[in-house]
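Ready for some exercises? Have a look at the sequence and the model, then work through each task before reading its solution.

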Amino acid sequence: MDDLINAPFIALFGRDLIGNGIDGFDGTNTSIFGSSGVFGDLGDGGFLFGDGGAGMAGVGGAGGDAGMFGNGGAGGVGAAGAAGGAGGSGGWWFGDGGSGGDGGDSVDPGADGGAGGAGGRGGILFGSGGDGGNGGDGGAGANGGAGGDSGVNGLLIGDGIYAADGGNGGDGGRSGGAGGAGGLAAQKSLFGFFGQDGAAGAPGD
């Protein structure tokens with residue numbers, strides 16, 4: 001039944017009608033209308049129901065977006081010293097945003113850690129924004145990466161969301177990365193709480 005329902009939508013738009021997105025998807029949408037880039041791809045949840053797939057790990061891939069109902073996918077962890085991927089958005093009506101991927105730890109002296117990815121926004125009406133990813137640790141004598149900002153809550157209901165801590169500075173006493181901004185700094189859910197800024201990462205030794 002899944003194939004029967006989804007096949008026409010994949011052929012036309014390159015995305016399921018009902019179903020979860022594929023984790024780590026890095027393909028290209030070459031469908032009839034989907035090649036325009038407007039309709040997402042198979043890493044996103046179905047247009048009606050489905051969670052977004054997790055972003056590709058190791059390259060900071062972005063998490064997939066949900067459709068009408070569903071949660072956004074988590075962003076992938078960044079490569080060494082590179083930024084983590086952003087979390088996917090929650091469903092248009094209901095769903096939580098995906099958490100941002102952690103920034104990659106640097107493996108080279110003097111190279112800063114990667115920044116954490118931003119959390120995805122919550123559903124337009126109901127849903128919590130995703131947590132920001134943690135910044136990666138810096139190499140010897142370098143800075144830690146900044147923590148990612150958290151996503152914005154839905155308009156009506158959403159829990160308080162916390163941004164991530166920055167990464168630790170590398171050996172040599174350089175500073176840690178700054179914490180990300182709370183997702184509700186500019187917006188408060190009717191039944192939620194204000195977000196809080198993430199704490200700066202601890203400096204290296």
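**Exercise 1.** Which backbone atom lies 3.0 Å from a polar atom of the side chain of Ser 31?

*Solution.* Keep in mind that this is a predicted model.
- Step 1: start at the side chain of Ser 31 and look for its backbone partner, which is the nitrogen of Gly 34.
- Step 2: place Ser 31 along the chain; it sits in the segment after H1.
- Step 3: check how covered Ser 31 is. Buried means under 20% relative accessible area, so Ser 31, with 9%, counts as buried.
- Step 4: list what Ser 31 touches once neighbours within four places in sequence are set aside: Ile 10, Ala 11, Leu 12, Phe 13 and Gly 14.

**Exercise 2.** Work out what surrounds Asn 29, and find the partners of its side chain.

*Solution.*
- Step 1: Asn 29 also belongs to the segment after H1.
- Step 2: go through the side-chain partners. One is the side chain of Ser 31, in a polar contact of 2.7 Å. Another is the backbone oxygen of Phe 13, which lies 2.9 Å from a polar atom of the Asn 29 side chain.
- Step 3: widen the view to contacts, leaving out neighbours within four places in sequence. Asn 29 then meets Phe 13, Gly 14, Gly 34, Ser 35, Gly 40 and Asp 41.
- Step 4: is Asn 29 buried or exposed? Its relative accessible area is 13%, so Asn 29 is buried.

**Exercise 3.** Compare how covered Asp 108 and Gly 138 are, then see how far apart they lie.

*Solution.*
- Step 1: take Asp 108, in the segment after H1. Its relative accessible area is 46%, so it is partly exposed.
- Step 2: take Gly 138, also in the segment after H1. With 11% relative accessible area, Gly 138 is buried.
- Step 3: look at the pair. Asp 108 and Gly 138 are 30 residues apart along the chain, with 8.3 Å between their C-alpha atoms.
- Step 4: see what else is around. Asp 108 touches Gly 139 and Ala 140, not counting residues up to four places away in sequence. Gly 138 has its C-alpha 4.4 Å from that of Asp 112, with the two positions 26 residues apart along the chain.

**Exercise 4.** How far apart are Gly 148 and Ala 118 in space, C-alpha to C-alpha?

*Solution.*
- Step 1: find Gly 148 in the segment after helix H1, which spans 2–13.
- Step 2: go to Ala 118, 30 residues apart from Gly 148 in sequence, and you get 4.5 Å.
- Step 3: check the cover. Gly 148 has 3% relative accessibility, so it counts as buried.

**Exercise 5.** Describe the largest pocket.

*Solution.*
- Step 1: the space in the largest pocket comes to about 190 Å³.
- Step 2: its lining has 15 residues, with Phe 25, Asp 41, Ala 62, Gly 63 and Gly 64 nearest the centre.
- Step 3: sort the lining by type: 5 nonpolar, 7 polar and 3 charged.

**Exercise 6.** Sum up the whole protein.

*Solution.*
- Step 1: count the elements: 1 helix and 0 strands.
- Step 2: of the 205 residues, 46% are buried.
- Step 3: among contacts with a separation of 6 or more, 58% join residues 24 or more positions apart.
- Step 4: about 9,100 Å² is exposed, and carbon and sulfur atoms supply 59% of that area.

Definitions and conventions. Residues numbered from 1 in each chain as written. Predicted model: local features only at pLDDT ≥ 70, side-chain atom pairs only at ≥ 80, totals over all residues. Heavy atoms only, no water. 1 Å grid on protein atoms, 1.4 Å probe; cavity = no way out; pocket = protein on both sides within 12 Å on 5 of 7 lines; lining within 4 Å. Points joined across faces, edges and corners; volume = space filled by probe spheres on them. Nonpolar A, V, L, I, M, F, W, Y, C, P; charged D, E, K, R; others polar. Helix = DSSP H or I, 4+ residues; strand = E, 2+ residues; numbered from the N terminus. Buried < 20%, exposed > 50% of the residue type's maximum accessible area, 1.4 Å probe, protein only. Contact = heavy atoms within 4.5 Å. Areas by Shrake-Rupley, 256 points an atom, 1.4 Å probe, with all protein chains shown as cover. Polar contact = N/O pair within 3.5 Å; in protein donor to acceptor, adjacent residues only side chain to side chain.
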